[in-house]
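Biologist: Please take a close look at one part of this model. I want the side of one domain that touches the other, with its setting in the chain.

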Amino acid sequence: MSGAVTTAHSVVEPSATSRRIAAFLVILYAVVTMVPLAWIFATAWKTPPDSISYPPKVVFDPSLEGYCNLFTTRTRQTDEYIEALGPPQGACDEVTRKREMVIAGPSNYLPRFVNSLIIAFGSTFLAVSLGVFSAYAFSRFKIPLADDLLFFILSTRMMPPIAVAIPIYLMYREIGLSDSALGMILLYTAVNVSLAVWLLKGFIDEIPREYEEAAMIDGYTRLQAFFKVVLPQAATGIAATAIFCLIFAWNEYAFAVLLTSGEAQTAPPFIPTIIGEGGMDWPAVGAGTTLFLIPIVVFTVLLRKHLLRGITFGAVRK
Amino acid sequence: MAEVRLEQVEKRFGDTVAVTGINLTIADGEFVALLGPTGAGKTTTLRLIAGLEKPDEGKVFIGGRDATGQSPAERNVAFVFQQYSLYPHLSVYDNLAFPLRSPVRKADDAAIRQTVERVARLLRIEAKLGNRATRLSGGEMQRVAIGRALVRDPSIFLMDEPLSSLDAKLRADLRLELKHIQQDLGATVLYVTHDQIEALTMANRIGVLDHGRLVQIGSPREIYETPRNLYVATRLGMPAINLLPPQAFPQHQVPPGTRTIGARTEHVAIARANGGAHAKVEWIEHLGDQNHLHLRVGDHKLITLVDPDVDLGVGDSIDVTLRGPLYFGTDGERIG
């Protein structure tokens with residue numbers, strides 16, 4: 001048989017040609033979606049003049065200026081004053097002085113970033129915790145009007161959230177929740193909990209009740225059985241739900257703009273307000289956006305395995 | 001181990017009556033099998049004893065105490081499920097240790113290890129203790145599931161078709177093992193099955209359920225030889241009992257009121273006819289050690305066993321005589 005050309009091919013295995021076409025399409029799609037991101041990363045390393053030059057510069061001398069400007073506020077000073085200060089302290093100081101400015105203090109980026117972390121993770125934790133308990137209840141107990149309740153929960157997602165923004169703004173102002181982290185956590189939790197209940201109910205429905213029943217016979221209460229047996233098996237669903245909730249809360253802009261302005265402002269409404277000399281400080285905006293992406297990327301990569309299972313969930317019967 | 005008693009137990013799900021009027025006592029150390037088709041109320045009976053369902057009426061006594069209001073954890077019963085019996089996120093060891101670590105028992109680690117290893121040896125799964133529960137064969141999984149019941153000292157073992165998801169050979173092996181373990185431990189067992197072989201070979205007594213009622217309970221021999229009615233008679237026997245009207249055997253004397261004759265293979269005598277026969281061979285199934293002989297008696301079918309070396313062919317004429325068959329009246333109850 002040696003030397004014989006094999007012409008037999010499997011019906012289910014894709015051929016080399018279709019494989020190549022598929023690879024090309026996937027790479028093309030990846031490139032198209034990556035270009036804006038790459039543009040943001042690149043802008044963060046440009047100087048302000050480079051960032052607005054036309055035609056755009058693809059090759060440029062990298063500069064720390066964007067990151068320095070992101071984290072600092074600066075004041076313009078006379079040459080004499082700057083010279084009297086002595087040698088620059090560190091790279092950022094040097095960059096700033098070249099523009100005849102000195103660092104006046106830290107910017108608001110870090111506290112805004114911390115606000116984002118607290119509000120997004122806090123609301124995700126609350127939405128998923130509330131979601132998993134109610135999903136379990138809907139899945140396991142006979143609840144009067146269960147279908148209507150589930151529909152009611154889902155219906156909160158049917159209008160655009162911004163439609164209720166003004167009433168919520170007025171309400172929050174009245175009860176003192178405007179511009180507070182607690183207010184934002186509650187708001188994002190309220191929006192996400194419907195998604196969490198529906199997603200998690202699907203996952204918990206798939207866990208046979210025999211496991212809890214076995215645990216209850218083995219000497220556990222229902223609540224203990226829930227924590228020991230149901231939760232570990234719902235881990236995939238919980239992870240997928242958490243990612244969806246976190247992405248929403250992390251990126252949410254409209255409510256954040258309207259309801260927060262100072263203390264509790266999150267990063268999304270803050271980043272577009274970074275103004276340098278002569279308009280937007282694009283390198284600082286690029287730097288702020290780049291850093292802003294990191295937590296969600298890390299979180300998603302950590303739970304990637306679960307996410308894939310989560311979004312294709314129900315598509316394939318086991 | 002303890003005696004378990006059900007008194008006038010009834011359970012309804014909405015408008016459906018799952019079980020009703022169940023009176024059943026399982027003596028300490030006794031192996032009782034519940035036999036019946038799907039929906040007869042076998043599993044509901046088990047779940048009522050386990051406390052997974054609350055009876056609408058009647059009482060459940062475990063070891064002489066009224067357990068009707070107790071939670072499953074308080075009842076100290078062990079349950080082996082038909083499937084999904086192991087916690088998939090735990091190792092075999094942790095699965096076996098799970099009941100011992102429960103808040104109601106709280107055994108210390110050394111005692112747990114000792115018990116788990118003893119049970120693992122008994123079931124010959126010592127080598128698998130470190131495995132994930134999901135990485136076992138079907139037979140091993142069911143062994144671990146039985147092991148999880150054995151690690152504690154429950155009042156009763158409740159088994160819900162524990163062998164039905166296994167292949168035939170494994171089922172036969174585990175059946176034997178299970179019976180040996182039960183005898184060695186003197187365990188009280190209530191075993192639900194729709195497999196008559198399991199019920200016949202393992203049980204001290206068999207209870208036959210029909211539409212939520214316990215129709216008859218007795219030793220396998222009683223159930224087989226003196227079934228109370230047609231329904232019970234059709235539960236046991238391979239091939240199934242032949243049900244024929246008396247008119248099919250005009251020469252055969254039947255008690256008054258007989259509507260149906262129940263003829264098991266041992267009630268049927270056949271002989272090659274020399275003309276004037278009233279049965280014909282329709283089909284012969286070769287099963288190796290014996291043959292199923294399908295006969296036509298007038299308008300009726302009759303299936304019986306013959307030795308494989310009997311020289312019969314399709315179309316041959318046969319004389320059929322009945323020897324001590326069962327008789328059933330118009331209401332389906334057995335007569336005489």
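Modeller: Here is that domain contact, followed by one helix and the chain contact. This is a predicted model, in which local features need pLDDT of at least 70, side-chain atom pairs count only at pLDDT 80 or more, and totals for chains, interfaces and linings use all residues. Residues are numbered from 1 along each chain as its sequence is written, while chains are lettered from A and ligands numbered from 1 in the order in which they are written.

Chain A has domain 1 (48-107) and domain 2 (110-311); the bounds come from an automatic or database domain assignment. Their centres, taken over C-alpha atoms, lie 38 Å apart. In the contact, 10 residues of domain 1 of chain A meet 10 residues of domain 2 of chain A. Contact means C-beta atoms, placed from the backbone, within 7 Å.

On the domain 1 side, helix 2 (48-51) and helix 3 (65-71) of chain A each supply at least two residues. Helices are DSSP runs (H or I, at least four residues), numbered from the N terminus. Helix 3 of chain A gives the largest share, 6 residues.

Now helix 15 of chain A. Its 21 residues (282-302) reach 31 Å from first C-alpha to last, close to the 30 Å expected at 1.5 Å a residue. The expected span is 1.5 Å times one less than the number of residues. Helix 15 of chain A bends by about 25 degrees at A:I294, and A:P295, a proline, follows within four residues. The bend is the angle between axes fitted to the seven residues ending there and the seven starting there.

Last, the chain contact. Chain A gives 15 residues and chain B 19 residues. Helix 10 (210-217) and helix 11 (222-233) of chain A each give two or more residues to the chain A side.

Terms used:
Two residues are in contact if their C-beta atoms, placed from the backbone, lie within 7 Å.
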